[in-house]
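Please open the structure in a viewer and keep the selection tool at hand. The tour below proceeds by selection, one stop at a time.

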Amino acid sequence: MSRIEGVLKALKGQGRKALIPYITAGDPHPDLTVDLMHTLVDAGADIIELGVPFSDPMADGPVIQLACERALKHGTSLRQVLAMVKTFREKDDATPVVLMGYLNPMEAMGQEKFADAAVDAGVDGILTVDLPPEEADEVAPLFTARNLDAIFLLAPTTTDDRIRAISEHSSGYVYYVSFKGVTGAGKIDVDEVASKVAHIHELTALPVGVGFGIRDAATAAAVGRVSDGVIVGSVLVDTIARNQADPEQLKRALSDLLHPMREALDSLAS
């Protein structure tokens with residue numbers, strides 16, 4: 001059982017929902033990333049999605065695009081991101097870490113070499129935004145053989161056949177994008193999400209995490225009622241941008257944002 005599967009099964013047994021925050025590695029500075037990861041855990045994160053900065057993050061809106069620019073300005077590389085996870089593991093051997101990024105940096109390192117390095121660093125899952133299931137036949141087995149969960153995106157427009165195909169290559173959880181468009185671009189329709197997630201559950205046994213549009217405790221609770229977990233990204237990255245000049249204030253601001261979401265999700269179990 002992978003660390004991700006173990007955490008999600010434990011939460012389900014407790015009637016609780018997963019809180020999965022996303023930050024971009026190296027933003028606002030590589031020296032702060034590990035501290036920010038621990039801050040997220042202290043504020044209630046169950047799983048961390050750690051973005052690998054890329055020069056052309058085509059699925060992301062301006063907030064995360066700027067985060068990638070800030071990280072790349074400091075020279076943050078895939079190898080450095082893996083080193084950050086390894087350092088995080090010195091104090092936290094329980095919280096799953098998912099690397100979220102694009103195919104190019106992984107291909108540049110070499111897929112097998114990357115998979116080995118990810119395992120050595122303590123990574124638990126890989127979400128490659130621009131890797132469709134049709135092209136995952138070579139990559140997914142490399143991850144599976146190393147007990148790395150391969151996580152894929154589902155969209156509102158994803159057909160039933162593709163949901164089934166994606167699920168065959170997936171493990172850990174599937175990431176349902178709550179609306180069409182890039183990160184940070186729209187407002188979530190909870191009724192529509194509820195209907196779609198219920199349908200996805202009919203087609204796969206994997207937990208479904210919902211991202212895009214989670215901005216506060218109210219939206220986290222609303223989405224948590226109809227899913228297995230909520231994925232929070234742009235609002236955290238925007239908070240980092242607004243507080244980047246003061247690392248201590250930055251950590252407080254992230255905690256102040258995430259902790260009420262944790263409480264709201266936990267209130268669903270009572």
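The stops that follow concern a predicted model, and each names what to select and what is found there.

**Stop 1: the annotated positions**

Select Glu49 and Asp60, which UniProt lists under "active site" in an unreviewed entry. Such annotations may be inferred rather than shown by experiment.

Begin with Glu49, which lies in strand 2, residues 48–51. Is Glu49 buried or exposed? Its relative accessibility is 0%, so Glu49 counts as buried. Now display the contacts of Glu49, omitting neighbours within four places in sequence: they are Ile20, Pro21, Tyr22, Ile23, Val98, Met100, Leu127, Tyr173, Tyr175 and Ile231.

Move next to Asp60, placed in the loop between strand 2 and helix 3 (62–73). Asp60 has a relative accessible area of 9%. Because the cut-off for buried is under 20%, Asp60 is buried.

**Stop 2: a cis peptide bond and the loop around it**

Select Asp27 and Pro28 and inspect the bond that joins them. The peptide bond from Asp27 to Pro28 is cis, with omega near 5 degrees. Pro28 is located in the loop between strand 1 and helix 2.

From Pro28, extend the selection to His74, in the loop between helix 3 and helix 4. Not counting residues up to four places away in sequence, His74 touches Gly26, Pro28, His29 and Pro30. With a relative accessibility of 37%, His74 counts as partly exposed. For a distance to draw, join the C-alpha atoms of His74 and Lys12: these residues are 62 residues apart along the chain, and the atoms are separated by 40 Å.

**Stop 3: Leu36 in helix 2**

Select Leu36, a residue of helix 2. Leu36 counts as buried, at 1% relative accessibility. Residues up to four places away in sequence aside, Leu36 touches Ile23, Asp27, Pro28, Ile240, Leu250, Lys251 and Leu254. Both residues of the cis bond, Asp27 and Pro28, are therefore among the contacts of the buried Leu36.

Then add Phe88 to the selection. Leu36 and Phe88 are 52 residues apart in sequence, and their C-alpha atoms are 9.9 Å apart in space.

**Stop 4: helix 12**

Select helix 12, residues 247–267. Does its end-to-end distance agree or disagree with the expected span? At 1.5 Å a residue, its 21 residues should span 30 Å, and the end C-alpha atoms are 30 Å apart, which agrees.

Colour the buried residues of this helix: Leu250, Lys251, Ala253, Leu254, Leu257, Leu258, Met261, Arg262, Ala264 and Leu265. An α-helix has 3.6 residues a turn, so residues three or four places apart point the same way. Which elements do the buried residues of helix 12 pack against? Show strand 1 (18–24), helix 2 (33–42), helix 10 (217–224), strand 9 (229–232) and helix 11 (234–242), against which these residues pack. Leu250, Lys251 and Leu254 appear both in the list of buried residues and among the contacts of Leu36.

**Stop 5: helix 4 and helix 6**

Select helix 4 (residues 78–89) and helix 6 (residues 111–121), whose axes come within 8 Å and cross at roughly 25 degrees. Angles under 35 degrees count as roughly parallel, and helix 4 and helix 6 are therefore roughly parallel to each other.

To view the contact, show Leu78, Arg79, Leu82, Val85, Lys86 and Arg89 on helix 4, which meet Lys113, Phe114, Ala117, Ala118, Asp120 and Ala121 on helix 6. The residues of this contact divide into 7 nonpolar, no polar and 5 charged.

**Stop 6: Ile163 in helix 8**

Select Ile163, which belongs to helix 8, residues 160–169. At 0% relative accessibility, this residue is counted as buried. Beyond its neighbours within four places in sequence, Ile163 is in contact with Leu154, Thr158, Lys196, Ile200 and Leu203. The C-alpha atom of Asp130, 33 residues away along the chain, is separated from that of Ile163 by 16 Å.

**Stop 7: two positive phi angles**

Finally, select Asn147 and Phe212. Asn147 is not a glycine, yet has a positive phi of about 60 degrees. Asn147 lies in the loop between helix 7 (139–145) and strand 5 (149–151), and at 47% relative accessibility it counts as partly exposed.

Phe212, likewise not a glycine, has a positive phi of about 80 degrees. Phe212 is found in the loop between strand 8 (208–211) and helix 10, and at 10% relative accessibility it counts as buried.

Key
Residues numbered from 1 in each chain as written. Predicted model: local features only at pLDDT ≥ 70, side-chain atom pairs only at ≥ 80, totals over all residues. Heavy atoms only, no water. Helix = DSSP H or I, 4+ residues; strand = E, 2+ residues; numbered from the N terminus. Buried < 20%, exposed > 50% of the residue type's maximum accessible area, 1.4 Å probe, protein only. Contact = heavy atoms within 4.5 Å. Axes fitted to C-alpha atoms, helices over the stretch in contact; angles between N-to-C directions. Parallel < 35°, antiparallel > 145°, perpendicular 65-115°, else oblique. Nonpolar A, V, L, I, M, F, W, Y, C, P; charged D, E, K, R; others polar. Expected span 1.5 Å × (residues − 1).
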